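Hi everyone, thanks for coming. I'd like to walk you through one model today, with a look at helix packing and a couple of backbone details.

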Amino acid sequence: MKLKYIIITLFLGLVFTACNKDSDSDSKPDEINNFVWKAMNSWYYWQPNVADLSDSKIASTTAYNNFINGKTPDALFYSLLYQRGTVDKFSWIENSNEIVHASKIAEVEKKGGFSYGIYPKDASNINVVALINYIVPGSPSALAGLKRGDVITKINGSQLTSSNYDQLENTQLTITLAASVQFTNSSLVTTDKAGTVTITKAEIDENPVAYYEKKVYGAKNIGYLVFNGFKSDYNDELNTAFAKMKSDGINELVLDLRYNGGGSLETAVALAQMINGSFTNKPYIYLDFNDKHNSEDGYENLSEKVQIFNLVDNEPTFQREESINSLALTKIYVLVSFQTASASELTIQCLKKYISVITIGEQTVGKFVGSNTLYDSPAYGYTSYANRSTKHKWQLQPITFSYYNKDKDANPAKITPDYEINPYSTFLNLVEFGNVKDPCLKKAIELITGQTLRTTTKTTDSSLSFKIDNLTEFNPTNTAKGLYIEDFRRLKKQ
């Protein structure tokens, strides 16, 4: 009897100990998810609007751990976004420098080397085509023979649709190109080329300073510059392009930002100084963080120096400073599209407070928010790459601030160009960069010279009912990482 009592007691003791171990295990938050939640709770711009990011969430350790545990880091991250896909379309999470559950606004390092825009074929918005904006020299797409203006109709043998076009981001893809493109009064009609093109993506460090040409019309020395991404590790190449324009005597500038989804704030501020250069130390942009980081709010001022970065472990790392090459222009012409976003829109909104900015093309994306990268470095406010945990390679790129021009004027929903161009007209006229058959470039030169250019530019029916409906919803601005800031602590408090 006594022996039986002892055995039962030992058994219950073991059960109790096991339960305690389970309880101890349950009480420990997942290390990576703990970083994700706490970094978002601290920095996310819309934190007050997300119930699951409320400070009260950590009032109960058990409830908090139960909430964050058992999820993958990316699933937790995306569940915390404020009205994902409508308000917040721009935040993303990375692991080993690869986007996980990729946002259609994010940069993906492995690329086929072609930028594209998605266009519905009719008002149903089901069947679509992809128009190739440009090809990166030396890329898999260039080697496969693709060129600017090619139209993709099928992906892996299937008609391109609003449901499958994201397969264009696959590591390997087989595409079918259009042999002809025609318009009826209500649809875009294509016929296919025989055969297909197969592309295997590779890591590409694309130079965003894609094209420069000097055009001379009488006393007008016009610089045409295609700039496809605000990448701070290419600040020296951008500064060199302006040095070239300076030596060429450029007195008018057409800046092509149609395929530029944004990028570095550092680069955006430097670009403004390169264009004009007369407002050194004047405020250019105002950044507004959430209530937890009001102390970070402030201005970025124009500077006569540009910081030069190199990529180290895929992170822009400061190397040196260069004096900025300025053109001293008081007016510029900017080409825009439904893929123009973030730092590109910043350039228009902030620069026009100092000089005349004439916009030509289509309505822009309307992204007047930005981010700074968050690392698992809680002792350093989640902002230190050097002091991050090396146990994992997750990092966050959530929206952490909104931006305004120097006068803090309210931003529009989107930037509507001064001179609108039917986006579908590009199908018939997307020639190589610099060719004045391009309707946007043609319009800019006509405005600069006051002359009508005689070209063989083809026109499209302006009554097309589906010509601009929701084009931004279909299109990734995947040329850069939105608007991000390398060092927000440099902001001036005014």
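**Two helix pairs and two unusual phi values**

Let's begin with α7 and α8, which are oblique to each other. The reasoning is short: their axes cross at roughly 40°, and an angle counts as oblique when it falls outside the roughly parallel, antiparallel and perpendicular ranges, the parallel one being under 35 degrees. For your viewers, α7 covers residues 265-275 and α8 covers residues 343-351, and the axes come within 10 Å. The crossing of α7 past α8 is right-handed. Which residues of α7 and α8 meet there? From α7 we have Leu265, Ala268, Leu271, Ala272 and Ile275, and facing them from α8 are Ala343, Leu346, Thr347 and Leu351. Sorted by class, this contact has eight nonpolar residues, one polar residue and no charged ones.

Before the next pair, some context. This is a predicted model, so please keep that in mind throughout. The protein has 494 residues, and 53% of them count as buried. Its secondary structure comes to 11 helices and 26 strands. If we take contacts with a separation of 6 or more, 71% of them are between residues 24 or more positions apart. The exposed area is about 21100 Å², and carbon and sulfur atoms supply 49% of that.

Now the second pair, α2 and α3. Helix α2 spans residues 31-43 and helix α3 spans residues 61-68; their axes are 10 Å apart and the packing angle is about 105°. That angle lies between 65 and 115 degrees, so α2 and α3 are roughly perpendicular to each other. On the α2 side, the contact involves Asn33, Asn34, Trp37 and Lys38, and these meet Tyr64, Phe67 and Ile68 of α3. By class, that makes four nonpolar, two polar and one charged residues.

Finally, the backbone. Most residues other than glycine have a negative phi. Where, then, does Ala328 sit, with its positive phi of about 60°? Ala328 is in the loop that links β19 (315-323) to β20 (331-336). Lys408 also has a positive phi, near 60°, and is not a glycine either. Lys408 belongs to the loop between β24 (399-405) and β25 (419-420). Is Lys408 buried, exposed or partly exposed? Its relative accessible area is 42%, so Lys408 is partly exposed.

That's my tour; happy to go back to any of these spots with you.

Key
Residues numbered from 1 in each chain as written. Predicted model: local features only at pLDDT ≥ 70, side-chain atom pairs only at ≥ 80, totals over all residues. Heavy atoms only, no water. Axes fitted to C-alpha atoms, helices over the stretch in contact; angles between N-to-C directions. Helix = DSSP H or I, 4+ residues; strand = E, 2+ residues; numbered from the N terminus. Parallel < 35°, antiparallel > 145°, perpendicular 65-115°, else oblique. Left-handed = near helix turned anticlockwise from the far one by under 90°. Contact = heavy atoms within 4.5 Å. Nonpolar A, V, L, I, M, F, W, Y, C, P; charged D, E, K, R; others polar. Buried < 20%, exposed > 50% of the residue type's maximum accessible area, 1.4 Å probe, protein only. Areas by Shrake-Rupley, 256 points an atom, 1.4 Å probe, with all protein chains shown as cover.
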